[in-house]
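Trainee: Got a minute to go through this one with me? I'd like to begin with the sheet and then look for cavities.
Mentor: Sure, pull it up.

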Amino acid sequence: MAENELTVRNAVVTGASRGIGRAISVALASSGCNVLINYAGNAAAAEEAAALCREAAGEKEIQVLVYQADVSDEAQANALIDYAEEQFGRIDILVNNAGRTKDGLVIGMKTEDFDSVIDLNLKGTFFCCRAAAKKMIRKRFGRIINISSVVGIHGNAGQVNYSASKAGVIGMTKSLAKELAGRNVTVNAVAPGFIETDMTAVLPDKAKEAILAGIPMKKGGSPEDVANAVRFFASDAASYITGQVIGVDGGMGM
Ligand code: NAP
């Protein structure tokens, strides 16, 4: 088996019905992983993602599950991780991808818009990490991959809430990596730049043009670009890598 292949493993991907989470699920499925697709409300998109996973697996026999849960809710996040373990027998890979934006300049930012972004992007990641870490420690194996953002490293006007949540994800990743390293559980983060998904489709054309002009590679990335980095962290080739952040950003993070 090539080093960047995955032995059959069980993966949970949060926010996997659309965008980057969907591409991550498809990439893991194509490598022969069993995949649980978590979503918040869009059941049709989640079923579509599941069908794409089955197609990507081809001849490989994999299990694809779909599970609705709002991971910003502690009880629902715990139930998601418990369900995955019940169904798969164990969880080997957790990808914390679910996220939202509620942009605005700080002077007009409502407290509920700050909280809502922190609740999903940071606390949701914490809830899933905590629940899965307990199970991974027992099995002495795990790969946790958190989706941060280039703005968690460099900041961005209009995204005080979002950049704080994504910077928090990086701090959490490094601290958790230190806690779990001795148990053969690696924890890494991917920090995407501008990726074409529903999240960025809502930006006004002028804002998009300004962002694209500031990217050294002069183009946006695809969800598959991010999925490739996640797949690497999940693979045997990355077994001695922990506490790291890979930028997938066309050079934005330089
Ligand atoms: P997206 O297209 O808006 O998709 C969001 C996904 O998250 C959907 O599957 C959605 O499910 C799910 N979700 C939303 N709220 C949830 C909740 N409370 N619990 C569980 N799942 C929930 O977003 P994306 O662009 O793919 O972004 C994915 C991740 O990458 C996010 O963490 C984002 O911050 C990060 N990121 C994105 C970019 C970018 O340029 N796009 C850049 C840097 C970082 P439903 O379909 O059910 O609504």
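Trainee: So how many strands form the sheet, and in what order?
Mentor: Keep in mind that this is a predicted model. Seven strands make an open sheet, ordered 3-2-1-4-5-6-7, with parallel pairing.

Trainee: Which ones are the edge strands?
Mentor: Strand 3 (64-68) and strand 7 (245-248), each of which pairs on one side only. From one strand to the next, the twist averages 15°.

Trainee: How many bridges join strand 6 to strand 7?
Mentor: Four, and the two strands run parallel. Among the residues involved, Val190 has Ile246 in strand 7 as its bridge partner.

Trainee: And what does helix 6 touch on the sheet?
Mentor: Helix 6 (residues 160-180) packs there against strand 5 (142-147), strand 6 and strand 7. The direction of helix 6 makes about 160° with that of strand 6.

Trainee: Switching topic: how many cavities of 30 Å³ or more turn up in the whole structure?
Mentor: One. The volume of that largest cavity is about 30 Å³.

Trainee: Which residues line the largest cavity?
Mentor: Thr14, Val71, Asn96, Ala98, Leu120, Gly124, Thr125 and Cys128.

Trainee: Where does the largest share of that lining come from?
Mentor: Helix 4 (residues 111-139), which supplies four residues.

Trainee: And how does the lining divide into nonpolar, polar and charged?
Mentor: Four residues are nonpolar and four are polar, with no charged ones in the lining.

How values were computed: Residues are numbered from 1 along each chain as its sequence is written. This is a predicted model: local features need pLDDT of at least 70, side-chain atom pairs count only at pLDDT 80 or more; totals for chains, interfaces and linings use all residues. Side-chain values use heavy atoms; hydrogens and water are left out. On a 1 Å grid over the protein atoms alone, a cavity is a set of points where a 1.4 Å probe fits but cannot get out, and a pocket is an open set with protein on both sides within 12 Å along at least five of seven lines; lining residues have an atom within 4 Å of a point. Grid points are joined across faces, edges and corners, and a volume is the space filled by probe spheres set on the points. Ala, Val, Leu, Ile, Met, Phe, Trp, Tyr, Cys and Pro count as nonpolar, Asp, Glu, Lys and Arg as charged, and the others, Gly among them, as polar. Two strands pair if DSSP finds at least two bridges between them. Axes are lines fitted to C-alpha atoms, for helices over the stretch in contact, and angles run from 0 to 180 degrees between N-to-C directions. Contact means heavy atoms within 4.5 Å.
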